[in-house]
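This briefing is meant to be read with the sequence and the coordinates open side by side. It takes up the strands and sheets, then the metal site, the charged pairs and a pair of helices.

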Amino acid sequence: MNNIFQIIQFTIREALARKVFIFFGAIILFVLVGTLLVFGLVDINTLTSAANQSGQNIMTREIVSSLELLIVTPLANLGLLLAIFSSASFIPIMLEKGNIDLLLSKPISRAQLLLGKYFGVVLFVFLNIFFFVFGVWLIISIKFSYWDASFLTLAFVITFAFAVLYALIMLFGVITKNSILGMMIAYLIFLIISPLLLLYKEKLNEFVTSELIDTILVGFYFIVPQTAELMGRIMIDLAMGKGIINFQPIITSLLFLIFILGFSVSLFRRKDF
Amino acid sequence: MIAIETNSLSKVYTSSFGKNKVRALNELNLTINKGTIFGLLGPNGAGKTTLVKLLLQIIFPTFGTAKLMGEDIGNYELKKRIGYLPEDHKYPPYLTGGEVLKFFGRLSGLNGTTLDKRIDELLELVNLSKWKKTKVKSYSKGMTQRLGLAQSLINDPELIFLDEPTDGVDPIGRKEIRDILLELKGRSKTIFLNSHLLSEVELITDRVGILNKGKLLREGTVKELTERKEEYKLILNDELPELNKFADDNLIITKNHDGSYSVKVDDIRTMNILVDKLRGENILIKEIVLQKNTLEEMFISLINREEKGGKE
Ligand SMILES: Nc1ncnc2c1ncn2[C@@H]1O[C@H](COP(=O)(O)OP(=O)(O)O)[C@@H](O)[C@H]1O
Ligand SMILES: [Mg+2]
């Protein structure tokens, strides 16, 4: 346990030393300051009454949640892309000749080393995301004097989506000692496969007549991590205080995560460096 | 007590598509006692690094087994008692020398003031105290090498593997490293040294192994490996009619390709007796040259012989 803790700590140190993450932090800060300015200018009463005039009787909670989502959803998706990009090289760098030789000569097991690196990166990304989500939440909550912490759970959902994709990056990092392939596959799943499978299951399946193809596609839906759903509907439901209505995408993604982690570790344990 | 023991240890590297196979280590059997400095010599590509990496489980054997200090190498906890200076070693450029040692110290299970004290001692030992708070990215090659040595000693290991430790170090630095190794030996540490530079090994090792193309050609003390009779090259005006006439128990005489003769004797006295005999037969001596006899020569001739053997 001490070993994993040391590697996590060291990984966070490494992340801080990278300029990319300063850039990451600067963007977050920029957005938060922007949010602060915008909400400093807007008068809530006007906003609430404007919303109420449009016919429905919208409650503060919904206005608050919608505003928070409006800011967080696009930025979280963008942030996820950025986080993948900036953390993809952590594993290949660790595996470089000269680095890995030294690490493996210390009394640390290979599983501890790899998992320590993985959780270090995930923790670091979580801290960034939490900082962002918390900042947005704080500003809006103060402005509306409405406090509901359920929005903060979004930080965990976003980090979870990242953790699933990062497991893939780690797996391909171990296999190829390079970040490119893992990154491509992570982007492919996040931007194309997961959204398409979701679209198919929800909307398009009635257009497919072949039972075989339908079974295959639905099968895929249950295997491939559902990042599109995590970063979409689940996030929205949580922000709206509805909780998690459908656990299936989380379970699918979690099983995928565990499988990929296990597979990465078992490959890493037998690899020559 | 035995520090290192290998049993038919072998490594075959296979390229990604399985086409090319490199036999980097070929059924190596080696036993090294505790408290010795062992030097493994061999040209580049001989398999020296491969052996050390196998022992540390950085790579895995194709077959064969090995034990370190009597224990199976599979147990990673064993590395608490081992230090390693790899051939290539990189340190995170954003860390200072002191921080590098702290990180590896903690990974080795040290912490608190024990570790802080150890770091200061080691930096002192390798002459880097002044550079403790400097980022390693501005270290020179020689400084990095010395930091690497400190790193390998952080856990006060019983067994230390050093892969080409004097690479990129200036002559004064080399001397300093040799002194450190001798000091460690004085504290009954076992040191395993890889080098392609004979002069380095000759000066400090107790025992030497000579590795070429994955095979251990010789193993023994430096003295054993270099000890042979004094050898003279003899150039005569005429051809000797009968070699055996001049040879006896203390003297071996052979004819070389170029018409000269090689004479191996126990000492200069025997050589002079031969000269008397030759003069007694009225044979004219043109030149007598004492052949140098170093580990280097032995090494080169051994490797050359091996190369020829391989070709035939
Ligand atoms: N990862 C590897 N894949 C394929 N061949 C390798 C690998 N590492 C070393 N070799 C080959 O194995 C042989 C021994 O290499 P090495 O142990 O590094 O030699 P040395 O340290 O004595 O210079 C060389 O022919 C080298 O090219
Ligand atoms: Mg080498």
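Two strands are taken to pair if DSSP finds at least two bridges between them. The model described here is predicted, and in it F38(B) stands opposite R207(B) in β9(B). Strand β3 of chain B, residues 37–41, and β9(B) pair in the parallel sense, over four bridges.

**The six-stranded sheet of chain B**

- An open sheet of six strands in chain B follows the order β6-β7-β8-β3-β9-β10, and its pairing is mixed.
- Strands β6 and β10 of chain B stand at the edges of this sheet, and because each has a single partner strand, one side of each is left without a neighbour in the sheet.
- From one strand to the next, the twist averages 15 degrees.
- β7(B) and strand β8 of chain B (residues 190–195) run parallel and are joined by five bridges, and I160(B) stands opposite I191(B) in β8(B).
- Strand β9 of chain B, which spans residues 207–212, is mostly covered, since five of its six residues are buried.
- β9(B) also pairs with strand β10 of chain B (residues 215–221), here in the antiparallel sense and over six bridges, with V208(B) standing opposite G220(B) in β10(B).
- β9(B) and β10(B) form a hairpin with two residues between them, and K213(B) in the turn has a positive phi of about 50 degrees.

**The four-stranded sheet of chain B**

- Four strands of chain B form an open sheet in the order β2-β1-β4-β5, with antiparallel pairing.
- The edges are taken by β2 (21–33) and β5 (71–72) of chain B, each of which has a single partner strand, so one side of each is left without a neighbour in the sheet.
- Strand β1 of chain B (residues 2–14) runs antiparallel to strand β4 of chain B (residues 63–68), and five bridges join them; the bridge partner of I4(B) in β4(B) is L68(B).

**The magnesium site**

- The magnesium ion (ligand 2) has as its protein donors T49(B), through OG1, and E87(B), through OE, and these lie 2.0 to 2.4 Å from the ion.
- The two donors link distant parts of the chain, for T49(B) belongs to helix α1 of chain B (residues 48–55) and E87(B) to the loop between β6 (82–85) and α2 (97–107) of chain B, 38 residues apart.
- T49(B) counts as buried because its relative accessibility is 16%, and buried means under 20%.
- E87(B), in turn, counts as partly exposed, at 32% relative accessibility.

**Salt bridges**

- Over all chains, the structure holds 26 salt bridges.
- One of them is formed by K53(B) with D101(A), whose closest N and O atoms are 3.7 Å apart; K53(B) lies in helix α1 of chain B and D101(A) in helix α6 of chain A (residues 100–104), so the pair joins two chains.
- Both partners count as buried, K53(B) at 9% relative accessibility and D101(A) with a relative accessible area of 3%.
- E164(B) forms a salt bridge with K48(B), with 4.0 Å between the closest N and O atoms; E164(B) lies in the loop between β7 (159–163) and α5 (171–186) of chain B and K48(B) in helix α1 of chain B, so the pair ties together parts that are 116 residues apart in sequence.
- E164(B) and K48(B) are both buried.
- The side chains of D258(B) and K233(B) meet in a salt bridge of 3.8 Å, N to O, which links the loop between β12 (251–255) and β13 (261–265) of chain B, where D258(B) lies, to K233(B) in strand β11 of chain B (residues 230–236), 25 residues apart.
- In this pair D258(B) counts as exposed, at 55% relative accessibility, whereas K233(B) counts as partly exposed, at 27%.
- A network of salt bridges links K34(B), E71(B), R81(B) and E158(B).

**Helix packing in chain A**

- Helix α9 of chain A (residues 180–202) and helix α10 of chain A (residues 211–223) pack at an angle of about 125 degrees, with their axes 9 Å apart.
- This angle makes α9(A) oblique to α10(A), and α9(A) passes α10(A) in a left-handed crossing.

Definitions and conventions: Residues are numbered from 1 along each chain as its sequence is written. Chains are lettered from A and ligands numbered from 1 in the order in which they are written. This is a predicted model: local features need pLDDT of at least 70, side-chain atom pairs count only at pLDDT 80 or more; totals for chains, interfaces and linings use all residues. Side-chain values use heavy atoms; hydrogens and water are left out. Donors are N, O and S atoms within 2.8 Å of the metal (3.2 Å for Na, K and Ca); water is not among the atoms, so sites may look incomplete. Buried means under 20% relative accessible area, exposed over 50%, partly exposed in between (1.4 Å probe, protein chains only). Axes are lines fitted to C-alpha atoms, for helices over the stretch in contact, and angles run from 0 to 180 degrees between N-to-C directions. Angles under 35 degrees count as roughly parallel, over 145 as roughly antiparallel, 65 to 115 as roughly perpendicular and the rest as oblique. A crossing is left-handed if the near helix is turned anticlockwise from the far one by less than a right angle, and right-handed if clockwise.
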